[in-house]
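Colleague: Could you take a close look with me at the ligand site in this model? I would enjoy a guided walk through it, and then a short tour of whatever else stands out.

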Amino acid sequence: MLNIAVLVSGGGTNLQAIIDSIESGKLDNVRIVKVISNKEGAYALERAAKHGIEGVCISPGSYEDRADYFEALSKELKNAGTELIVLAGFLVVLSPGFVREWQGRIINIHPSLIPSFCGDGYYGLKVHEKALERGVKVTGATVHFVDEGTDTGPIILQKAVNVEDGDTPEILQKRVMEQAEWIILPQAIRMIADGRIKTG
Ligand code: GRF
């Protein structure tokens, strides 16, 4: 059984995709030991509660400095027995120390085909705005290990999604979620749980 913690900031549809995969038996060797949000009232915490999963808000604003915040985050993760950290729409930039401590045990979902439309400033709707501005015909999503850079870690899975005439950033975001993110995030977790991919 692989113990995962899911870190979130908002709606938590990717968290929901993981929960659904566990409940349907597709991820039968994975357990969510904790959901952690940096934002009070994030809907993702409600999703966790609805499924009997422990959720907690740990907000950077409640700590003196970033070092204290990441120490508290790490402690919470360790106490829960976390073996893999899944960033699912988590909008806090991790400190290099935290990433080193959890080296090879953090994965992230990004809503583009890395190395396109990624790096500093590319998050949420911005990614899709930029893809439409550039006029790409294909975009998608990427699951990757997290290293000390922004979206620079080793790629685990990618899935392409077509851009259609008349797409708005919102429409494209929804299609990328439905056709790519919600599929490849549980798949990547499954690959790690099965030992088919090295995490260190
Ligand atoms: C997703 O688009 C994800 O790729 C990005 O943030 C969004 C989170 O959505 N990193 P949700 O909270 O899982 O619904």
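To begin, which atom of the ligand does a polar side-chain atom of Thr 13 approach, and what is the distance in Å?

Modeller: Happy to! Please keep in mind that this is a predicted model. The atom you ask about is an oxygen of the ligand, and the polar side-chain atom of Thr 13 lies 2.6 Å from it. Next along the chain, Asn 14 offers a polar backbone atom, which is 2.9 Å from an oxygen atom of the ligand. Glu 181 adds a side-chain contact: one of its N or O atoms is 2.7 Å from a ligand oxygen. On its own, the ligand has 360 Å² of accessible area, and the protein covers 86% of that.

Now for the wider surroundings. The shell around the ligand is made up of Gly 11, Gly 12, Thr 13, Asn 14, Gly 89, Ile 109, Pro 111, Met 177 and Glu 181. Sorted by character, five of these shell residues are polar, three are nonpolar and one is charged. Two helices deserve a glance here: α1, spanning 13-23, and α6, spanning 169-193, each give at least two residues to the shell. As for the space that the ligand takes up, it is the largest pocket.

Moving away from the ligand, there are charged pairs to look at. Side chains of opposite charge can pair when their charged atoms come close. The model holds 10 salt bridges. One of them joins Lys 34 to Glu 54, with 2.7 Å between the closest N and O atoms. Lys 34 belongs to strand β2 (residues 30-37), while Glu 54 is in the loop between α2 (43-50) and β3 (55-57), so this pair ties together parts that are 20 residues apart in sequence.

Finally, the backbone has two spots worth a look. Most residues other than glycine have a negative phi, and most peptide bonds are trans. The bond from Ile 114 to Pro 115, however, is cis, with omega near 15°. Pro 115 is in the loop between β5 (106-110) and α5 (125-134). Phe 117 is also found in the loop between β5 and α5, and this residue, which is not a glycine, has a positive phi, near 50°.

Terms used
Residues numbered from 1 in each chain as written. Predicted model: local features only at pLDDT ≥ 70, side-chain atom pairs only at ≥ 80, totals over all residues. Heavy atoms only, no water. Near = heavy atom within 4 Å. Polar contact = N/O pair within 3.5 Å; in protein donor to acceptor, adjacent residues only side chain to side chain. Areas by Shrake-Rupley, 256 points an atom, 1.4 Å probe, with all protein chains shown as cover. 1 Å grid on protein atoms, 1.4 Å probe; cavity = no way out; pocket = protein on both sides within 12 Å on 5 of 7 lines; lining within 4 Å. Sits in = over half its atoms within 2 Å of the grid points. Helix = DSSP H or I, 4+ residues; strand = E, 2+ residues; numbered from the N terminus. Nonpolar A, V, L, I, M, F, W, Y, C, P; charged D, E, K, R; others polar. Salt bridge = Lys/Arg side-chain N within 4 Å of Asp/Glu carboxyl O.
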